[in-house]
Amino acid sequence: MYGYDWTDAYGLYKLDVGHKIEKEIRPVFKEELDYFDFGKRWSYPDTDAPLLWAEGIRRYVLNGECVAEAVGGGFYTKPAIKFHRDGLALQPVDIDALWGLNERIMLGLEQKAIAFIRETYDKYRARGMEFVTAFSGGKDSLALLDLVSKALPPESFYVVFNNTGMELSCTLDAVERAKEHWSSLRFYEAKSHLAPEDSWDAFGPPGRRMRWCCSVHKSTPTILKLREITGDCNVKVALFDGVRAEESLQRAAYDIISEGAKNINQVNCRPLFYWNSAELFLYLFHGRILMNKAYRYGMNRVGCTICPLSSGWRDNLCNGIFPDEISSLLSLVESYADNVGIKQSERTSYIEKNGWRTRMGGRSLPNGGNRVNEVIDENHIRFDFSSATQAWLSVSVMLGSIVEKNNNQYQQFIGGKEYTFTVSDDGLSVSCAPYSQMDRFVVSHLRGAANKVAYCMGCKACEAQCPANAFVIDGNGKIFIREDKCTHCSHCIEFTNGKGCLVAKSLKSSVGGIDMKLSGIDRYKTFGLRREFLEHFFAYKSDCFTVGQLGNRQYDSLKAWLCEAELLSASNKGKGSGMPTPLFDKLERLGVSNPLTWAVIWTNLAYNSVIVRWYMFNAPTGEVYEKNDMVFMLGDDGSQSTKQNAIAALCETLRHSPIGSVLKQGIPISSGRSYKFAKTGWETPDAVAILYALYRWAEATGRYAFTLAQLDEARGNPEVPGVDPVSIFGLQPESFKDILRDIALRFDKHIRVSFAVDLDSVKLSPEITSVDVLDLAIRQEA
């Protein structure tokens, strides 16, 4: 990916390795200028060529100068244009001249992409894979298809257009034109058997962290179509896609080749991964490759008519230019706002400020809520269903073979062990024993099966995950397991992160989070625990509260944070100075600049700060959060101002301390005048920090010997007093065992671990305290 410099020639830029583009660039056409009434202030010809460029979607740029910018906007509100230059006379950008400036670099990019495609083809053809080019009708897939068609013979790959049923008409037109342009290629259309309106009714509107729509209307139909095309239910596919790193922080974290990331039988290959939009549009213009008309109206990306990830800018273009195409789904968004209890007078603001996009579960949905009640009693685990869409016996055979039946009692082998099931006459209660013999995998899979019984509506996402063609959704939307083919691999459960069902994940009230009492969340006067505040306390200790360097409200906030971090004695929570704790004495020796200091503070806040504990349990790792999103995620309890103040203090802590950027609990990302926070999790956690967190857990629970299963079961349970290191630091659960093993090798007097196939154990020393653990780091510093 190259950066660019603007030249003195009208509308021309020069790609340069020495510069880094910070924002996407896109061409601006007459249709967009007409929509926003630019003709009242500027003049421009009626031409198909671009007339100028826009950086970062909204900034209209001419040779590096921002001549106008768009402000605001939403479904119902057209963005306002702020002009910085009046009376401009625009002219067509000379594409041939633009190519001439950049021909050497562009030809190099093209040749490199073609070489990558051919090398990838040779590599995976040797493994017997089929090849597919994903096609959406957008700019990325158009460039991708052109490159693949140059690199490979037409009979060597399929082209699959995934029609979500929510496409704009100009996208469907672009697909038809592409079929004519590349007439020798084999085009296929993949489409869900569910109409979008029906799936939205069943799942609820998709949200930024509830993107069920991508599975149901994109990946699942594509996988099923490939099985149909090839006649192979276990077909292995190398799929060329148009994903680019520039598009988002999340996509930038992808690999150029990802094996099994989307599906166990799929390899995603990304020839355009390092291209930016300046290079991409230039390639399309020079090749005279057809372009989706949506770009001529100002869209930076095409896609579904309504998308939970789209901007207010795109929302307005969709509703302003394609109102008939967007109306049915927009009405469902409006109905959701009504169900939430938003007043009619406030509905427009609620929708345009993304309230609906922050949905985290089935609250306020007519069909939302928890349909499964789990009870553990007398060595039994029982599932009681308020309603069921599937039969337990039809679903449970995916877990293991049922070997014996006696009336309503069944014997079943799961994971090599025999269990007894009892199913009530009405099918709304299932009990399984012995619970004491179940490991965490068996319990998790039972919960997944229970969720399928309660929620499954036949979306076929599970069917696409089955590598043995054993999982089938019949014509009535019912689950049928081909027992002679099922290998009990549990892919149909585990791909939903243990929920077992996409509908359950979308509708359960606790989806994405844990129900908690939120009293006491606003103790900080909107101020976070800033690094500069902690430095002030480290410098003056108890005397800092009389120095007068901070304001009174800031001092009140600092006292609250310090007490909850256990650096200031609890007896001094009121007015006046307090006494530093023994823990402070340890951390003082480590210093404010040491990440371990902040890791210890963050751990203690997990136990004492309601808002921090809520964030750990309710904001999953791997997502980007906005302040307004988190306010909405807090739910309906408490006043709006209380919730806003608490989230403001949390965001300040993430932004102004190493907790956000170093521990990566919320990396601040500038977004105009505000910030987003990417919670990626601590990738390389300090060993002493993990050990400290384990000892805090042991002190809180009274358990100095435990299994990983017990730690997992307690995770996120508000009834359990301890908070485990995975939740505190946003670690990947599958890597935690390796982390513990490494720590045990280094600090064998503090922790011993034993991991076997069916048994694991973690043992800490009851004679050692969590504060004692810090001596390990202090000795290292010395």
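Visitor: What makes the meeting of Asp-34 and Lys-30 a salt bridge?

Guide: This is a predicted model, and in it the side chains of Asp-34 and Lys-30 come to 2.6 Å, N to O. A salt bridge needs a Lys or Arg side-chain nitrogen within 4 Å of an Asp or Glu carboxyl oxygen, so this pair gets the name. Both residues sit in helix α1 (residues 30–35), four residues apart, about one turn of the helix. An α-helix has 3.6 residues a turn, so residues three or four places apart point the same way.

Visitor: Why is Asp-34 called partly exposed?

Guide: Its relative accessible area is 34%. Buried means under 20% and exposed means over 50%, so Asp-34 falls in between.

Visitor: How many salt bridges does the whole structure hold, and which parts does the one between Glu-24 and Arg-244 tie together?

Guide: The search turns up 34. In the Glu-24 and Arg-244 bridge, the closest N and O atoms are 3.5 Å apart, which is within the 4 Å limit. Glu-24 is in the loop between β2 (13–16) and β3 (25–28), while Arg-244 is in the loop between β11 and α7 (249–252), so the bridge ties together parts 220 residues apart in sequence. Both residues are buried.

Visitor: What about Glu-566 and Arg-696: what makes them a salt bridge, and is each one buried or partly exposed?

Guide: Their side chains meet at 3.1 Å, N to O, again within 4 Å. Glu-566 belongs to the loop between α19 (552–564) and α20 (582–590), and Arg-696 to helix α26 (residues 687–701), so this bridge links parts that are 130 residues apart in sequence. Glu-566 has 27% relative accessibility, so it counts as partly exposed. Arg-696, with a relative accessible area of 10%, is buried.

Visitor: Which residues do shared salt-bridge partners join into one network?

Guide: Glu-24, Asp-140, Arg-244 and Arg-301.

Visitor: On to the sheets. Why are β10 and β12 said to stand at the edges?

Guide: The open sheet has six strands in the order β10-β9-β8-β11-β13-β12, with mixed pairing. β10 (186–190) and β12 (257–259) each have a single partner strand, so one side of each has no neighbour in the sheet. From one strand to the next, the twist averages 25°.

Visitor: How do you know that β11 and β13 pair?

Guide: Strands pair if there are at least two bridges between them. Strand β11 (residues 237–240) and strand β13 (residues 266–269) run parallel and are joined by four bridges, so they qualify. Ala-238 stands opposite Val-267 in β13. Helix α6 (residues 212–230) packs on this sheet, touching β8, β9, β10, β11 and β13, and its direction makes about 145° with that of β9.

Visitor: Thr-220 is in helix α6. What makes it buried?

Guide: Thr-220 has a relative accessible area of 5%, and the cut-off is under 20%, so buried it is. Leaving aside neighbours within four places in sequence, the contacts of Thr-220 are Ser-215, Cys-459, Lys-460, Ala-461 and Ala-464.

Visitor: What is the pairing in the five-strand sheet, and why are β3 and β7 its edges?

Guide: The pairing is antiparallel, in the order β3-β4-β5-β6-β7. β3 and β7 (80–83) have a single partner strand each, so one side of each is left open. The twist averages 30° from strand to strand. Inside this sheet, β4 (residues 52–55) and β5 (residues 59–62) pair over three bridges, and Glu-55 has Arg-59 of β5 as its bridge partner.

Visitor: How do you know that the length of helix α24 agrees with what it should span?

Guide: Helix α24 (residues 640–656) has 17 residues and should span 24 Å at 1.5 Å a residue; its end C-alpha atoms are 24 Å apart, so the two agree.

Visitor: Last one: why is Cys-466 not bonded to Cys-489?

Guide: Their sulfurs are 6.0 Å apart, and a disulfide needs them within 2.5 Å, so they are too far for a bond. Cys-486 is in no disulfide either, the nearest cysteine sulfur, in Cys-466, being 6.5 Å away. The structure holds zero disulfides. Cys-466 is buried at 9% relative accessible area, and Cys-486 counts as buried at 17%.

Conventions:
Residues are numbered from 1 along each chain as its sequence is written. This is a predicted model: local features need pLDDT of at least 70, side-chain atom pairs count only at pLDDT 80 or more; totals for chains, interfaces and linings use all residues. Side-chain values use heavy atoms; hydrogens and water are left out. Helices (H or I, at least four residues) and strands (E, at least two) are DSSP runs, numbered from the N terminus. Axes are lines fitted to C-alpha atoms, for helices over the stretch in contact, and angles run from 0 to 180 degrees between N-to-C directions. Contact means heavy atoms within 4.5 Å. Buried means under 20% relative accessible area, exposed over 50%, partly exposed in between (1.4 Å probe, protein chains only). The expected span of a helix is 1.5 Å times one less than its number of residues.
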